[in-house]
Amino acid sequence: MTEMELRKHRCCFTGHRPEKLSIPENRLALLLEAEIREAIGSGFTTYITGMAKGTDLVAGEIVLRLREQDDRLKLICALPYPGFGLHWGGGWTKRFQRVLAAADLTRCVCPGFSYASYQIRNKWMVDHSGLVIAVFNGEAGGTRNTLEYAARKNVPCRIIKPE
């Protein structure tokens, strides 16, 4: 299969970290799961998560849980740089490690830390996807930048408004 054919079955996630979300995590998970199930129904079977706290990790956990009943589903973890995610508190690092260990593929998009590595990772995810599922509250930041990039690349976006 060519890259363009593979993209037709790949979906990536973008969204806010917990401190920018105005809804509880269990509500976020329900909204994300509904969008993921709809994407599965539309033929998307490979999911790419950027592995950040909040939206990315919750989405990755959902894909892994759904994969238990549907072996067509795959999860790719796109890390901005090696060592990302290993310093968080509040249980996030343990969740990160569980998702990473269960993923079908892991890709580090930059060789080391830089502030630009986050947006480079986000562009990589969009460039390898045919759909973006976003949790977006309208604020400036990485999620907005990713959605604007997806629009320039003509990649459709499904936006969950965390209200």
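Thr-14 touches Thr-55, Asp-56, Val-132, Ile-133, Ala-134, Val-135, Thr-143, Thr-146 and Leu-147, leaving out residues up to four places away in sequence. That is a handy way into this structure, which is a predicted model. Thr-14 sits in strand β1, and β1 turns up again in the largest nonpolar core, in the lining of the largest pocket and in the cover over α6. Here's the rundown, topic by topic.

**Thr-14 and strand β1**

- Thr-14 is buried, because its relative accessible area is 5% and the cut-off for buried is under 20%.
- Three of the residues that Thr-14 touches, Thr-143, Thr-146 and Leu-147, are also among the buried residues of α6.
- Strand β1 covers residues 10-15 and supplies at least two residues of the largest nonpolar core.

**The nonpolar cores**

- The largest nonpolar core has 35 residues, and the ones with the most contacts inside it are Leu-32, Ile-36, Tyr-47, Met-51, Phe-84 and Ile-133.
- At least two residues of this core come from each of β1, α2 (25-41), α3 (55-67), β3 (74-79), α4 (92-102) and β5 (131-135).
- Helix α3 gives the largest share of the core, with seven residues.
- Take Phe-84 as a case: not counting residues up to four places away in sequence, Phe-84 is in touch with Gly-50, Met-51, Ala-52, Leu-79, Phe-96, Tyr-118 and Arg-121.
- There's also a second, separate core of 14 residues, with Met-125, Val-132, Ala-134 and Val-155 among its members.

**Met-51, a core residue with a positive phi**

- Met-51 belongs to the loop between β2 (46-49) and α3.
- Most residues other than glycine have a negative phi.
- Met-51 goes the other way, with a positive phi of about 70 degrees although it isn't a glycine.
- Met-51 counts as buried, since its relative accessibility is 0%.

**Glu-35 in helix α2**

- Glu-35 lies in helix α2, and at 18% relative accessibility it counts as buried, because the limit for that label is under 20%.
- Setting aside neighbours within four places in sequence, Glu-35 contacts Ile-133, Arg-158 and Ile-160.
- Of those partners, Ile-133 is one of the residues with the most contacts inside the largest core.
- From Glu-35 to Lys-94, the C-alpha to C-alpha distance is 25 Å, with the two positions 59 residues apart in sequence numbering.

**The largest pocket**

- The largest pocket has a volume of about 250 Å³.
- Its lining is made up of 20 residues, and Gly-15, Arg-17, Gly-141, Gly-142 and Thr-143 lie nearest the centre.
- By type, the lining splits into five nonpolar, nine polar and six charged residues.
- Two or more lining residues come from each of β1, α5 (116-127) and α6 (142-152).
- Helix α5 gives the most to this lining, with five residues.

**Helix α6**

- Which residues of α6 are buried? They are Thr-143, Thr-146, Leu-147, Tyr-149 and Ala-150.
- Looking down the axis of α6, these buried residues fall within an arc of 160 degrees, so they line one face of the helix.
- Ala-151 and Arg-152, on the other side of α6, are exposed.
- The cover over the buried residues of α6 includes β1, α5, β5 and β6 (157-160).
- Thr-143 has two roles here: it is buried in α6, and it is one of the residues nearest the centre of the largest pocket.

**The loop between α6 and β6**

- Asn-154 is in the loop between α6 and β6, and its phi is near 60 degrees, a positive value in a residue other than glycine.
- Is Asn-154 buried or exposed? Asn-154 counts as exposed, because its relative accessibility is 68%.
- Val-155 is found in the loop between α6 and β6 too, but at 5% relative accessibility Val-155 counts as buried.
- Val-155 touches Arg-7, Val-126, Ser-129, Gly-130, Leu-131, Val-132 and Ala-150, not counting residues up to four places away in sequence.
- One of those contacts, Val-132, is in the second core along with Val-155.
- Val-155 and Leu-100 are 55 residues apart in sequence, and their C-alpha atoms are 26 Å apart in space.

How values were computed. Residues are numbered from 1 along each chain as its sequence is written. This is a predicted model: local features need pLDDT of at least 70, side-chain atom pairs count only at pLDDT 80 or more; totals for chains, interfaces and linings use all residues. Side-chain values use heavy atoms; hydrogens and water are left out. A nonpolar core is a set of buried Ala, Val, Leu, Ile, Met, Phe, Trp, Tyr and Cys residues joined through side-chain atoms within 4.5 Å. Buried means under 20% relative accessible area, exposed over 50%, partly exposed in between (1.4 Å probe, protein chains only). Helices (H or I, at least four residues) and strands (E, at least two) are DSSP runs, numbered from the N terminus. Contact means heavy atoms within 4.5 Å. On a 1 Å grid over the protein atoms alone, a cavity is a set of points where a 1.4 Å probe fits but cannot get out, and a pocket is an open set with protein on both sides within 12 Å along at least five of seven lines; lining residues have an atom within 4 Å of a point. Grid points are joined across faces, edges and corners, and a volume is the space filled by probe spheres set on the points. Ala, Val, Leu, Ile, Met, Phe, Trp, Tyr, Cys and Pro count as nonpolar, Asp, Glu, Lys and Arg as charged, and the others, Gly among them, as polar. The arc is that of the directions from the helix axis to the C-beta atoms.
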